[in-house]
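Here is a short report for a first look at this structure. Have the sequence and the 3D view at hand as you read.

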Amino acid sequence: MFSFDPLTSILNKNKLEGPNYVDWKRNLDIVLTAEGYKFVITEECPEKPENDTNDQVKAYDKWVKVDEMARCYILAYMANVLQHQHQSMGSAYDMLESLKKMFGEKNRAAKQTTMKSLLNTKMAEGSSVRDHILKMMSLPNELEVLGAVIDKESQVEMVLL
């Protein structure tokens with residue numbers, strides 16, 4: 001059920017306006033994961049069952065219902081002009097692909113800036129080790145949100161450089 005709990009307040013405080021796409025997407029992923037809806041943006045819709053096999057019908061119906069909920073979350077937490085552009089799209093996946101295309105150039109620049117930070121950040125003498133480690137852990141996560149695919153071993157190597 002669509003509710004306004006602490007999870008959705010995350011999105012309410014960070015409605016998608018455009019420039020905040022990366023933060024909004026990260027928060028959307030948190031909410032969709034917590035609600036058990038994220039699979040509709042990573043998995044294809046099962047075939048609509050021609051036969052009445054109970055498992056296939058249940059899987060299809062579940063995917064359609066969850067996709068509808070994910071679409072509601074996406075639409076509810078974006079600027080009105082973006083809502084208008086995306087409300088007729090067929091699936092949550094289609095909406096997110098459209099948004100990725102719209103804000104892709106900004107993502108590319110943000111990805112390059114974040115990669116540069118990851119490779120060039122050095123711990124300042126006398127600074128907190130904890131703060132440095134947290135920053136170095138957050139940069140690969142940010143790259144992942146921006147769409148970079150970096151395996152865990154390479155992430156470790158980059159941090160240790």
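Domain bounds here are those of an automatic or database domain assignment. The model itself is predicted. That assignment gives domain 1 (6-104) and domain 2 (121-160). The C-alpha centres of domain 1 and domain 2 lie 29 Å apart.

**Helix H3**

Helix H3 covers residues 54-76, 23 residues in total. From first C-alpha to last, H3 reaches 33 Å. That is close to the 33 Å expected at 1.5 Å a residue. Several H3 residues are buried, including Tyr60, Trp63, Val66 and Met69. The buried residues of H3 also include Asp67 and Arg71.

**The cores**

In soluble globular proteins, nonpolar side chains tend to be buried together. Here the largest nonpolar core has 29 residues. Those with the most contacts inside this core are Leu16, Trp24, Leu28, Val40, Tyr73, Ile74 and Leu99. Three elements give two or more residues to this core: helix H2 (21-35), H3 and helix H5 (92-102). Which of them gives the largest share? H3 does, with seven residues. Apart from this core lies another, of seven residues. Among them are Leu118, Leu139, Leu143 and Met158.

Trp24 deserves a look of its own. Leaving aside neighbours within four places in sequence, Trp24 is in contact with Leu11, Asn14, Lys15 and Leu16. Trp24 is also in contact with Ile74, Tyr77, Leu96 and Leu99.

**Aromatic rings**

How many aromatic pairs does the structure hold? It holds four. In one pair, the rings of Tyr73 and Tyr77 have their centres 6.5 Å apart and their planes at 20°, so this pair is stacked. Ring pairs also link Tyr21, Trp24 and Phe103 into a cluster.

**Buried or exposed**

The table sets the two tyrosines of the stacked pair beside Asn80.

| Residue | Relative accessible area | State |
|---|---|---|
| Tyr73 | 0% | buried |
| Tyr77 | 1% | buried |
| Asn80 | 59% | exposed |

Why does Asn80 count as exposed? Its relative accessibility is 59%, and exposed means over 50%. Tyr73 and Tyr77 count as buried, at 0% and 1%, because buried means under 20%.

Asn80 is found in helix H4 (residues 80-86). Asn80 and Asn107 are 27 residues apart in sequence. In space, C-alpha to C-alpha, Asn80 and Asn107 are 22 Å apart.

Definitions and conventions. Residues are numbered from 1 along each chain as its sequence is written. This is a predicted model: local features need pLDDT of at least 70, side-chain atom pairs count only at pLDDT 80 or more; totals for chains, interfaces and linings use all residues. Side-chain values use heavy atoms; hydrogens and water are left out. Helices (H or I, at least four residues) and strands (E, at least two) are DSSP runs, numbered from the N terminus. Buried means under 20% relative accessible area, exposed over 50%, partly exposed in between (1.4 Å probe, protein chains only). The expected span of a helix is 1.5 Å times one less than its number of residues. A nonpolar core is a set of buried Ala, Val, Leu, Ile, Met, Phe, Trp, Tyr and Cys residues joined through side-chain atoms within 4.5 Å. Contact means heavy atoms within 4.5 Å. Rings of Phe, Tyr and Trp (its six-membered ring) pair if their centres lie within 6.5 Å; planes under 30 degrees apart count as stacked, over 60 as edge-to-face and the rest as tilted.
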